[in-house]
Amino acid sequence: MNPALHFRWASPADGDLLADIMFDSVRNGDSPYSEPQRAAWVPERPSGEAWAERLAGQDVVVAELDGAAAGFATLAEGGYVDLAFVRPEARRRGLFRILLSHLVERAQAKGEARLWTHSSLTAEPAFAKLGFTIRKRERVRVGDQELERFEMEMPLAAH
């Protein structure tokens, strides 16, 4: 592993940092979504009580590259991967794969039989590469935009 790469479990104090990563990933990275779709999906950096509560109910792993937070992924109840984002400049370095491996270990320790997610078009290839399969393609309305996504799942080996 790259010595400049470090993974840790987030604390409540990381909320703003995670919001910055999510905003940067959706709004500034390469994407199959149009600018209006991306603006509807993440109109501003998440913040406030609702954001803090969303994160508080999940296991959140953070990837740090050269001392700066570069990505994160979250595991909610029932093996649901709620959020998974990597900053545009940190992509294609294996961060996503390692973030998900931490969630797999945590889910297995909790006795989950599978991981599942609602994947963006952007993340679908990365999830597929890790063994997730598409259960269904969906179109969801976000504000005045319609976005395509996939419901995906991956069975977990008993641990």
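1. Two strands are taken as paired here if DSSP finds at least two bridges between them. With that in mind, and remembering that this is a predicted model, one can begin at the β3–β4 pair, where Ala76 has Tyr80 in β4 as its bridge partner.

2. Strand β3 (residues 68–76) and β4 run antiparallel and are joined by 5 bridges. The two strands form a hairpin with 3 residues between them, and Gly78, which belongs to the turn, has a positive phi of about 75°. Strand β4 (residues 80–86) is mostly covered, since 7 of its 7 residues are buried.

3. With strand β5 (residues 114–120), β4 pairs in the parallel sense over 2 bridges, and here the bridge partner of Tyr80 is Trp116 in β5. Between these two strands the chain passes through helix α4 (residues 95–109), giving a β-α-β crossover that is right-handed.

4. Before the hairpin, strand β2 (residues 59–65) pairs with β3 in the antiparallel sense over 7 bridges, and Leu65 has Ala68 in β3 as its bridge partner.

5. Taken as a whole, the sheet is open and has 7 strands in the order β1-β2-β3-β4-β5-β7-β6, with mixed pairing. Strands β1 (5–9) and β6 (133–142) each have a single partner strand, so that each stands at an edge with one side left without a neighbour in the sheet. From one strand to the next the twist averages 25°.

6. Two helices can be placed against this sheet. Helix α1 (residues 15–28) lies across β1, β2, β3 and β4 and runs at about 95° to β3, while α4 lies across β1, β2, β3, β4, β5 and β7 (145–155) and runs at about 35° to β3.

7. The largest nonpolar core has 28 residues, of which Leu99, Leu100, Leu115 and Phe127 touch the most other members. At least two residues of this core come from each of β1, β2, β3, β4, α4 and β7, and α4 gives the most, with 8 residues.

8. Which residues does Leu115 touch, not counting those up to four places away in sequence? The contacts of Leu115 include Leu75, Gly79 and Val81, then Leu100, Val104 and Ala107, and also Phe132, Met152, Glu153, Met154 and Leu156. A second core, separate from the one described above, has 15 residues, among them Ile21, Met22, Val42 and Phe85.

Notes
Residues are numbered from 1 along each chain as its sequence is written. This is a predicted model: local features need pLDDT of at least 70, side-chain atom pairs count only at pLDDT 80 or more; totals for chains, interfaces and linings use all residues. Side-chain values use heavy atoms; hydrogens and water are left out. Buried means under 20% relative accessible area, exposed over 50%, partly exposed in between (1.4 Å probe, protein chains only). Helices (H or I, at least four residues) and strands (E, at least two) are DSSP runs, numbered from the N terminus. A crossover is right-handed if, with the strands pointing away from the viewer, the path from the first strand over the helix to the second runs clockwise. Axes are lines fitted to C-alpha atoms, for helices over the stretch in contact, and angles run from 0 to 180 degrees between N-to-C directions. Contact means heavy atoms within 4.5 Å. A nonpolar core is a set of buried Ala, Val, Leu, Ile, Met, Phe, Trp, Tyr and Cys residues joined through side-chain atoms within 4.5 Å.
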